[in-house]
Amino acid sequence: MPTETFEFQVEARQLLQLMIHSVYSNKDVFLRELVSNASDALDKLRLAALRDDTLEADVSDLRIEIETDGDARTLTVRDNGIGMSYDEVGQLIGTIAHSGTAEFLKELREAKDTAGAEGLIGQFGVGFYSAFMVADEVTVLTRRAGESRGTRWTSRGEGTYTLETVDDAPQGTSVTLHLKPADPENQLHDYTSAWKIKEIVKRYSDFITWPIRLMPNAPAGAEKADGEADADAPGPETLNSMKALWARSRDEVSDDEYHELYQHIGHDWRDPLETIRLRAEGTFEYQALLFLPAHAPHDLFTQGYRRGLQLYVKRVLIMEDCEALLPPYLRFVKGVVDAQDLSLNVSREILQQDRHIRMIQRRLTKKVLSSVKDMKATAPDRYATFWREFGAVLKEGLVTDADNRDALLAVASFATTHGDDEPTTLKDYVERMKDGQEDVYYLTGESRESIENSPHMEAFRDRGIEVLLLTDPVDEVWVDAVGAYEGKRLRSVAKGEIDLGPREDGKAGEDREKQGEEYAALLGWMEEQLQEDVKEVRLSSRLTVSPACVVSDAHDLTPALENMYRAMGQEVPRAKRILELNPEHLLVKNLNQAYKEREDRTALAETAELLHGLAVLAEGGQPKDPSRFVKLVAERLERTLQ
């Protein structure tokens, strides 16, 4: 048949220009696309040969070959797969209807800008057009398995293509690119360079099932000048490992192989703490191989931390860091997800927000949390390491992921006054609660030592009531988000009024009502003196040793939480605190006596100011005017030495 010239479908021409000028941010991916198409063709041939015993096709050495010619500036990607017939070439390459999705035409017309066009969904066939990013002309030579004649397709990407029938085409498809001149400034590399080919294949196509062979410039078996075969001529070099560990059964893979893969994708020289495998079958199939690191990276809490799993589709790397596959609080998890069929955008670089991705995220999240739960039950030492390294980030999920909150609480553990070294779970805390105790008590702070020495802890320590010691910044937030556990309210020992009932040792102390009457005048006067800093001055039921403490109202933000919001650029009004006095403390008793006896209360006003400042310091805060506070302390010390 003579050579025929055809015009691209109008939409295909638009797609071609979109491909060349805007869609792909990295031109290297053209080779990924061509290799992926070749791999698909080999898969189809293997399936066709199994279904049709009469198919005349050679399936003995299915492979992908890459050949370059630096002088002619050509690059050829060749497979011996299913191939295409004359009609199929025109349908699959000449029109958009078979290359993309049915919605592509409509979306393409409606996309108002390049950014909108980049979000369009496409299938693998569309990627063929990416060859024109790096080539002035593309030639496709193909023969369908079982047919005797082949087809040659040629185009310069300018609106037309030619088709002709040929007699000497081998089975499969070869795509030859006549490359543009290298232009490193515009990310157009020299794609005849062997090292560049190896780099691209290793990065994107290392796990493809079929061997990808780089052919030598001088074919193996070339003859010497005397006509003899040159046994020393270099042979083809297989570039990909074909070792997709997630696709092999657990029995076929050693721990060392898993560790080597983790170290490669996690950029970590250590072995992982835990390896998690997952295979989902049914209408939507995918496999996952996840790793829990043994150590938290130093930049885990920085804004620029690169998170996400490697996403493959049919063993072809689509995204290096796919953030959509796991929630942010599992950002430390490393690994691979390989889906059999996934709707991606036309460039395969930005995922479409579809139900499959959400389904994968839900399944992977539950799998990771269940693995941590199993680790906690069967390997407590490894769990202790995990929680020490990643507990703080995992607790972010208590705020952001209500669906998995129960699962997160089941694997969370907290420092407690019950034991110096052994953390506790909320479940164990509730089981140890004293008779009549209605709430789960906690206190937040910068360190265990500062919390244990806090005045707020005195009554709880005195009565043997267990308190959770929370030292991570996120603890200020999640306790409010969770609110309660198994019907028991989570309650800060530094907020609101605390009534712990009578003491176990039988010491009742003075009658509260009588104390209230005795101290009423002093409390009112101090509230007036400190009105700029406190909303109320009252007697305390939580102090046994310290003279005073400051607490927040039950529904107010704590100072630490206020500072956290301000650090994030959110201005919040500063809430006044409540000053509580210990009526059993000698300093408070003497202050009350002096208030009753003295008419000139100037010095007492300074004492009240000092008492409030000491209470603020005791909880790790800072007086409003540190220099004045220091001056008052110095004057008082001076008087004691006179």
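**Exercise 1.** Classify Tyr161 as buried or exposed from its relative accessible area.

*Solution.* The relative accessible area of Tyr161 is 6%, so Tyr161 is buried. The cut-offs are under 20% for buried and over 50% for exposed, with partly exposed in between (1.4 Å probe, protein chains only). The model is a predicted one, in which local features need pLDDT of at least 70 and side-chain atom pairs count only at pLDDT 80 or more, while totals for chains, interfaces and linings use all residues. Residues are numbered from 1 along each chain as its sequence is written, and side-chain values use heavy atoms, with hydrogens and water left out.

**Exercise 2.** Describe how the rings of Phe6 and Tyr161 are arranged, and place the pair in the chain.

*Solution.* Begin with the criterion: rings of Phe, Tyr and Trp (its six-membered ring) pair if their centres lie within 6.5 Å; planes under 30 degrees apart count as stacked, over 60 as edge-to-face and the rest as tilted. The structure contains 17 aromatic pairs. For Phe6 and Tyr161 the ring centres are 5.6 Å apart and the planes lie at 25°, so this pair is stacked. Phe6 belongs to strand E1 (residues 4-7) and Tyr161 to strand E7 (residues 160-166); the two residues are 155 residues apart, and the pair thus links distant parts of the chain. Helices (H or I, at least four residues) and strands (E, at least two) are DSSP runs, numbered from the N terminus. Phe6 is partly exposed, at a relative accessible area of 29%. Finally, Phe6 and Tyr161 belong to one aromatic cluster together with Phe128, Tyr129 and Trp153.

**Exercise 3.** Identify the ring over which the charged end of Arg32 sits, and do likewise for Arg601.

*Solution.* A charge sits over a ring if NZ of Lys or CZ of Arg is within 6 Å of the ring centre and within 35 degrees of the ring normal. For Arg32 the ring is that of Tyr204, with the charged end 5.2 Å from its centre. For Arg601 the ring is that of Tyr595, and the distance to its centre is 3.9 Å.

**Exercise 4.** Check the span of helix H7 against the expected value, and list its buried residues.

*Solution.* The expected span is 1.5 Å times one less than the number of residues. H7 (residues 255-266) has 12 residues and should therefore span 16 Å; its end C-alpha atoms are 16 Å apart, which agrees. Its buried residues are Glu257, Tyr258, His259, Leu261, Tyr262, Ile265 and Gly266. An α-helix has 3.6 residues a turn, so residues three or four places apart point the same way. The cover over the buried residues of H7 includes strands E11 (274-280), E12 (286-292), E13 (309-313) and E15 (334-339). After H7 comes His267, which has a positive phi near 50°.

**Exercise 5.** Reconstruct the sheet of 5 strands that contains E15, and assess the burial of E15.

*Solution.* Two strands pair if DSSP finds at least two bridges between them. The sheet is open, with the order E11-E12-E15-E13-E14 and mixed pairing. E11 and strand E14 (316-322) stand at the edges with a single partner strand each, so one side of each lacks a neighbour in the sheet. Direction ignored, neighbouring strands are turned by 15° against each other on average.

Next, consider the partners of E15. E12 pairs with E15 in the antiparallel sense over 6 bridges; Gln287 has Asp338 as its bridge partner, and Tyr286 stands opposite Ala339. E13 runs parallel to E15 and is joined to it by 4 bridges, with Val313 partnered by Ala339.

Then examine burial. In E15, 6 of the 6 residues are buried, so the strand is largely enclosed by the rest of the structure. In a regular strand the side chains alternate between the two faces of the sheet. Both faces of E15 are covered, with Lys334, Val336 and Asp338 buried on one side and Gly335, Val337 and Ala339 on the other.

**Exercise 6.** Give the strand order of the sheet of 6 strands, and characterise the pairing of strand E19.

*Solution.* The order in this open sheet is E18-E17-E20-E19-E22-E21, and the pairing is mixed. Strand E18 (419-424) and strand E21 (484-485) stand at the edges, each with a single partner strand, so each has one side without a neighbour in the sheet. E19 runs parallel to E22, to which 4 bridges join it, and also pairs in the parallel sense with E20 over 3 bridges. Asp439 stands opposite Arg489 in E22, and Leu443 opposite Leu469 in E20. Of the 6 residues of E19, 5 are buried, so E19 is largely enclosed by the rest of the structure.

Conventions: Contact means heavy atoms within 4.5 Å. Axes are lines fitted to C-alpha atoms, for helices over the stretch in contact, and angles run from 0 to 180 degrees between N-to-C directions.
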